[in-house]
Amino acid sequence: MGMKYRRYLAGERIYGCSKCKTHLATIHSMISRAFNGQHGRAYLFEGVVNVIEGEPNDRQMTTGNHTVRDIYCVKCATVLGWKYDRAYEESQQYKEGKYILERNLLIDVQ
C-alpha cells in the first residue's frame, strides 16, 4: 500500500479528529447540528475529507431504515461517524450521500 496523503482545509472553523487532529470538514459544509450519534450529539455534513469508508450495511435508526457506511480517520483509523448511502423513507432521502460526524470525536482545529 502506498503513502496516504491528507488534505488540509482552510477557513474560519475546521473540525478535526479528536485523536490525531487530522482535518475532516469546515463549518461551511455543515448542514445540521440536530442529529444524534452513538456517542451523543452529531452533525450532518455535505462533505468530509481524510476518511476511509467501510462496507455498506443496513441499520434501523430512529428515522427509519438506512444503508450506511462507517467512516474512519485516514491517519489513526478512529471511527468518526457514518455516511448515508440510502434512505428507504422518502422524507429522509435528503441524507443520501451526506456524512454524520459525532461531536465527541471531533476537535476544533482552527
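**Close-up views of a predicted model**

**View 1. Aspartate 108 and arginine 103 pair up.** Here the side chains of aspartate 108 and arginine 103 come together in a salt bridge, at 3.9 Å from N to O. Bear in mind that the whole model is predicted. Arginine 103 has a relative accessible area of 23%, so we call this residue partly exposed. Aspartate 108 is partly exposed too, with 36% relative accessibility.

**View 2. Aspartate 108 also meets arginine 13.** Stay with aspartate 108 and look for arginine 13: their side chains form a salt bridge, with 2.9 Å from N to O. Aspartate 108 sits in strand E10 (residues 106-108), while arginine 13 belongs to the segment before strand E1 (14-17), so this pair ties together parts that lie 95 residues apart in sequence. Arginine 13 has 28% relative accessibility and so counts as partly exposed.

**View 3. Aspartate 70 and arginine 59 link two strands.** In this close-up, a salt bridge joins the side chains of aspartate 70 and arginine 59, and the N to O distance is 2.5 Å. Aspartate 70 is found in strand E7 (residues 64-73) and arginine 59 in strand E6, so to get from one to the other along the chain you cross eleven residues. Is arginine 59 buried or exposed? Its relative accessibility is 18%, and since buried means under 20%, arginine 59 counts as buried.

**View 4. Four residues share a salt-bridge network.** Now for a little cluster: Glu53, Arg69, Lys83 and Asp85 are joined into one network by salt bridges that share partners. Across the structure there are six salt bridges.

**View 5. The largest pocket and its lining.** This view turns to empty space: the largest pocket holds about 230 Å³. Its lining is made up of Ala34, Phe35, Asn36, Gly37, Gln38, Arg59, Met61, Thr62, Thr63, Trp82, Tyr84 and Lys95. Strand E3 (30-37), strand E6 (57-61) and strand E8 (79-87) are the elements that each give two or more residues to this lining. Which element gives the most? That would be E3, with four residues.

**View 6. What kinds of residues line the largest pocket.** Sort the lining by type and you get five nonpolar residues, five polar ones and two charged ones. Arg59, which you met in View 3 as the salt-bridge partner of aspartate 70, turns up again here as one of the lining residues.

Notes: Residues are numbered from 1 along each chain as its sequence is written. This is a predicted model: local features need pLDDT of at least 70, side-chain atom pairs count only at pLDDT 80 or more; totals for chains, interfaces and linings use all residues. Side-chain values use heavy atoms; hydrogens and water are left out. On a 1 Å grid over the protein atoms alone, a cavity is a set of points where a 1.4 Å probe fits but cannot get out, and a pocket is an open set with protein on both sides within 12 Å along at least five of seven lines; lining residues have an atom within 4 Å of a point. Grid points are joined across faces, edges and corners, and a volume is the space filled by probe spheres set on the points. Ala, Val, Leu, Ile, Met, Phe, Trp, Tyr, Cys and Pro count as nonpolar, Asp, Glu, Lys and Arg as charged, and the others, Gly among them, as polar. Buried means under 20% relative accessible area, exposed over 50%, partly exposed in between (1.4 Å probe, protein chains only).
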